[in-house]
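Here are my notes on the model you sent over, as numbered points. Have the structure open while you read.

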Amino acid sequence: MKKSTNAIKVDGFLVENQWDEANVATDFIVQSPVFGVKSEFISIIKMYYDENALYIAGELHDPHPDSVSYSMSQRDDFGNADWFFVTIDTYGKNNNGFSFGVTSAGVELDALAFTNYNDESWNAVWRSAVQKQDYGWSFEMKIPFSAIRFPNEYVQNWKVNFSRQVRRRRETSTWNPIDPNVYGDLTQSGFIKGVEGIKSPWRLSFTPYVTGYLEKSTDLSTGKQTWKNRVTGGLDLKYGINDAFTLDMTVIPDFGQTRSDNQILNLGPFEVRYNENRPFFIEGTDLFQIGGVFYSRRIAASPFHEYDVYGDLNDSIGEHVVENPGISQMINGTKVSGRTKGGLGIGVFNAVENEMNAIIEDSLGNRRMYQTNPLTNYNVFVLSQNLKNNSTVSFVNTNVTRVGKDRDANVTVGEAKIFTPDGNYRIYSRVNISSINEGEMIYGHKLDVGVSKVAGTWRYGVSYGEESETYDPNDLGFLYNNNSRTYNANISWNDFKPSKHFFRKSISLGWYYGELYKPQLFNYTGFYFNAGGLHKSQTYMSFSGSSDPFGSVNHFESRNFGKIVRYNPKANVNYFFSTDYSKRFALDGRLGYVKFFGINQDKYNLYLSPRLRISDRMMLVVDAYIDVSNNEYGFVYGQDATFKDDIVLGFRNRVDVENSVALEFVFTKRMGMDFSLRHYWAQVEYNDFAKLGDDGEMIDIDYQAFDSNGNSVHNTNFNAFTLDVNYRWIFIPGSELRIVYKNNIFASKSVLESHYFETFETLFNQPQINSISMKLLVYIDVLYFKRKNKGERVI
């Protein structure tokens with residue numbers, strides 16, 4: 001690749017002499033929908049470099065330039081525009097790389113690339129520009145070497161690939177062909193030759209920020225809704241320790257502008273898993289996801305003893321809680337990660353959570369504090385060694401240490417993924433050891449092994465997993481339940497050649513069996529299937545289903561291990577479709593039905609999601625979902641003293657309705673606003689009760705748990721209403737102003753509604769949590785000042 005010492009103006013016009021002398025890549029090959037043919041859309045890509053950056057430019061031709069989609073979107077959002085990407089594997093090991101892209105509307109996109117997936121949460125500071133042309137569109141990129149990591153060597157051996165999508169045709173093409181029959185996209189990259197004499201620059205940046213809040217919530221001391229204001233500030237730091245390793249640190253982080261969780265009504269025995277929306281825990285955490293034992297929502301979450309304070313009140317002196325923080329304060333967080341020249345990935349994550357206290361007040365005004373959260377340290381340590389053929393062996397350790405008498409926890413993981421030389425087969429194994437210190441050590445283990453064919457037309461695999469009855473990773477991980485053994489087998493047929501009606505299609509079949517680890521008792525067994533394909537109308541559709549022909553046994557629903565709940569055999573079918581997103585109007589839909597045999601019990605659900613591109617700057621997406629369960633049954637907390645020593649099951653009809661509206665308006669490629677509204681309503685009506693027998697049989701009882709109107713006290717009417725409005729302006733790369741409005745309503749009662757719309761008559765009379773906040777974040781690159789002092793031009 002050519003090297004130059006002359007600067008260019010990044011404006012999207014390829015007029016400088018450097019582009020005439022730059023290396024050229026062309027002749028792109030279609031990846032999808034039909035692999036292997038030469039793209040009819042001419043792409044001419046040029047590259048060169050200087051001492052500080054890599055420069056990439058492109059002339060993207062289109063025989064119908066007036067048909068190019070220029071839909072605007074916010075940063076890191078593909079929107080509905082054409083796009084171009086470059087992916088650079090700077091270590092040439094086929095395991096990870098850096099991706100940078102632009103849309104035809106000038107929106108910047110970046111991601112960390114891995115063998116078979118991309119981490120789009122990663123953000124770098126770089127520059128680009130796009131221009132409309134008579135032949136289509138053109139672009140220029142300047143990627144500073146400070147934005148990527150590469151070996152400290154005079155001669156670099158990088159791998160590279162370029163990709164382009166023509167949105168109206170949904171055609172993706174690449175410079176180096178990417179065969180869908182081969183495992184992994186990154187493994188099918190080309191090469192960059194001739195990059196010499198570059199050095200990793202000093203990488204040090206600071207991002208101070210300040211946030212002001214105006215909030216309305218319920219004051220525990222008065223029970224009234226009150227407005228309060230507060231101001232917070234903090235600092236993010238990024239430091240390049242050397243050419244391969246980077247330190248990320250956040251001090252006094254503020255997560256108040258994070259998008260609201262999608263809360264639901266949970267009647268099951270296990271907790272709900274929520275997505276992580278906080279940037280610090282999303283960006284650049286790929287190494288820490290190895291082993292599956294790091295669930296970052298444990299950090300800065302509800303205090304460890306949040307509700308214990310209510311059991312410590314002295315009613316005789318009128319004690320009550322006047323203050324009880326619902327979120328633990330994170331003091332700081334640190335990430336160190338990178339990969340050596342020899343392919344050894346090293347990651348260290350550490351976060352400290354502050355001590356939290358509730359305040360209790362008696363009738364005379366005397367106050368005392370009750371500790372709800374001890375000073376806590378969370379730590380994750382990872383070693384992951386790349387081997388030949390894209391194989392890896394990894395070691396992971398997570399640790400939670402709490403000051404005082406509360407429990408400490410540790411989980412250690414050993415994992416291996418071994419591929420055959422042709423990349424067609426993979427052997428997988430993982431062993432986890434957990435230890436809990438609650439005065440005495442409690443150890444548990446988890447084991448997973450599997451062999452699978454991962455490439456080619458026919459793919460198949462078998463796997464086995466077990467979790468001991470004492471395995472517990474949940475102090476820093478997430479596990480619904482332990483004490484299980486699972487057996488799985490699957491086979492799939494994948495056809496990437498076009499037929500009369502479809503571009504590509506696949507069929508998969510699988511079998512599963514589950515039982516307790518100890519004692520070794522039956523849980524469930526069954527099979528599943530899925531048949532799907534991309535129709536030539538650019539509509540994806542699939543038909544799937546599963547069956548448990550022998551029924552199932554639930555060992556956890558009773559909340560009393562040893563007492564089982566039996567469920568009848570069942571079968572379910574589902575149909576899904578997704579039309580062409582490149583059209584102004586598109587529609588997703590899913591219809592499902594579940595039938596239990598030998599009992600009057602069934603379930604159906606319907607999902608519809610229309611998408612309307614109102615203009616090139618405005619997009620509307622609506623999601624509507626309804627799930628109806630008839631005559632299901634499950635555990636209830638007994639309210640009748642006659643059966644206080646029994647396990648009571650309730651027969652119930654349940655309706656879940658979830659509607660959401662997402663509206664995005666983009667002013668410029670660096671300024672936009674999005675509006676997200678969600679309403680979730682669940683109503684559960686109990687009509688009968690039974691006592692659980694010793695072998696899972698249900699015994700009729702005269703259970704008295706009704707109010708004066710004849711309604712069951714177990715009836716539930718639950719609402720979750722959230723509104724998030726987010727304005728974002730990236731005024732210079734890496735720096736932004738964000739204004740957020742949030743409104744949350746969570747309400748539950750036993751009085752049922754006659755229909756869905758009746759709930760709105762009282763919904764907005766419930767206590768609300770309102771928040772208006774403004775956050776200013778400024779990116780400061782120390783390298784900028786260093787170059788400026790030397791009199792160098794900075795673009």
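Before the first point, one term: two strands count as paired if DSSP finds at least two bridges between them. Also keep in mind that this is a predicted model.

1. **Strand E4 and its neighbours.** A good place to begin is the hairpin that connects E3 to E4 through 3 residues. Strand E3 covers residues 43–49, and 7 bridges hold it antiparallel to E4. If you want a landmark, look for Ser43, whose bridge partner in E4 is Leu60. E4 also pairs with strand E10 (residues 136–144), again in the antiparallel sense, over 9 bridges. There, His61 stands opposite Gly136 in E10.

2. **How covered is E4?** How many of the 9 residues of strand E4 are buried? The count is 8, so the strand, which spans residues 53–61, is largely enclosed by the rest of the structure. Buried here means under 20% relative accessible area.

3. **A nonpolar patch on the surface.** Colour Phe543, Val573, Tyr575, Leu591, Tyr593, Tyr604, Leu606, Leu608 and Ile626 and you will see a nonpolar surface patch, with about 760 Å² of accessible area together. Which strands supply at least two residues each? They are E34 (570–578), E35 (585–596) and E36 (601–615). E36 has the largest share, at 3 residues, while Leu591 is found in E35.

4. **Cavities.** The structure has 2 cavities of 30 Å³ or more, and the largest has a volume of about 40 Å³. Its lining is made up of Thr398, Val400, Ala409, Asn410, Val411, Asp472, Pro473, Asp475 and Leu476. Strands E23 (392–402) and E24 (408–419) each put at least two residues into that lining, and E24 gives the most, with 3 residues.

5. **Salt bridge Arg230–Glu215.** Across the whole structure there are 41 salt bridges. One to look at is Arg230 with Glu215, at 2.9 Å from N to O. This pair links distant parts of the chain: Arg230 is in strand E15 (residues 225–240) and Glu215 in strand E14 (residues 204–218), 15 residues apart. Arg230 is partly exposed, at 34% relative accessibility, and Glu215 counts as partly exposed too, at 23%.

6. **Salt bridge Lys238–Asp248.** Strand E15 comes up again here. Lys238 forms a salt bridge with Asp248, and their closest N and O atoms are 2.5 Å apart. Because Lys238 lies in E15 and Asp248 in strand E16 (residues 245–251), the pair ties together parts that are 10 residues apart in sequence. Are the two partners buried or partly exposed? Lys238 is partly exposed, with 37% relative accessibility, whereas Asp248 is buried, at 15%.

7. **Salt bridge Glu271–Arg298.** The closest N and O atoms of Glu271 and Arg298 are 2.7 Å apart, and the two form a salt bridge. Both partners of this pair are in loops: Glu271 in the one between E16 and helix H2 (279–282), and Arg298 in the one between H2 and strand E17 (320–323), with 27 residues separating them. Glu271 is partly exposed, with a relative accessible area of 36%. Arg298, at 17%, counts as buried.

8. **A salt-bridge network.** Arg402, Arg407, Glu438, Asp472 and Asp475 are joined into one network by salt bridges that share partners. Cross-check this with point 4: Asp472 and Asp475 are among the residues lining the largest cavity.

9. **Cis peptide bonds.** Where should you check omega? One place is the bond joining Ser32 and Pro33, which is cis with omega of about 10°. Pro33 is in the loop between strand E2 (29–32) and E3. The bond from Lys518 to Pro519 is also cis, with omega near -5°, and Pro519 sits in the loop between strand E29 (502–515) and strand E30 (522–535).

10. **Positive phi values.** Asp76 is not a glycine, but its phi is positive, near 70°. You will find Asp76 in the loop between E4 and strand E5 (83–89). Asn631 has a positive phi as well, about 60°, and is not a glycine either. Asn631 is in strand E37 (residues 618–636).

Key:
Residues numbered from 1 in each chain as written. Predicted model: local features only at pLDDT ≥ 70, side-chain atom pairs only at ≥ 80, totals over all residues. Heavy atoms only, no water. Buried < 20%, exposed > 50% of the residue type's maximum accessible area, 1.4 Å probe, protein only. Helix = DSSP H or I, 4+ residues; strand = E, 2+ residues; numbered from the N terminus. Patch = residues over 30% accessible without salt bridge, like charges linked within 9 Å, V, L, I, M, F, W, Y side chains within 5 Å. Areas by Shrake-Rupley, 256 points an atom, 1.4 Å probe, with all protein chains shown as cover. Salt bridge = Lys/Arg side-chain N within 4 Å of Asp/Glu carboxyl O. 1 Å grid on protein atoms, 1.4 Å probe; cavity = no way out; pocket = protein on both sides within 12 Å on 5 of 7 lines; lining within 4 Å. Points joined across faces, edges and corners; volume = space filled by probe spheres on them.
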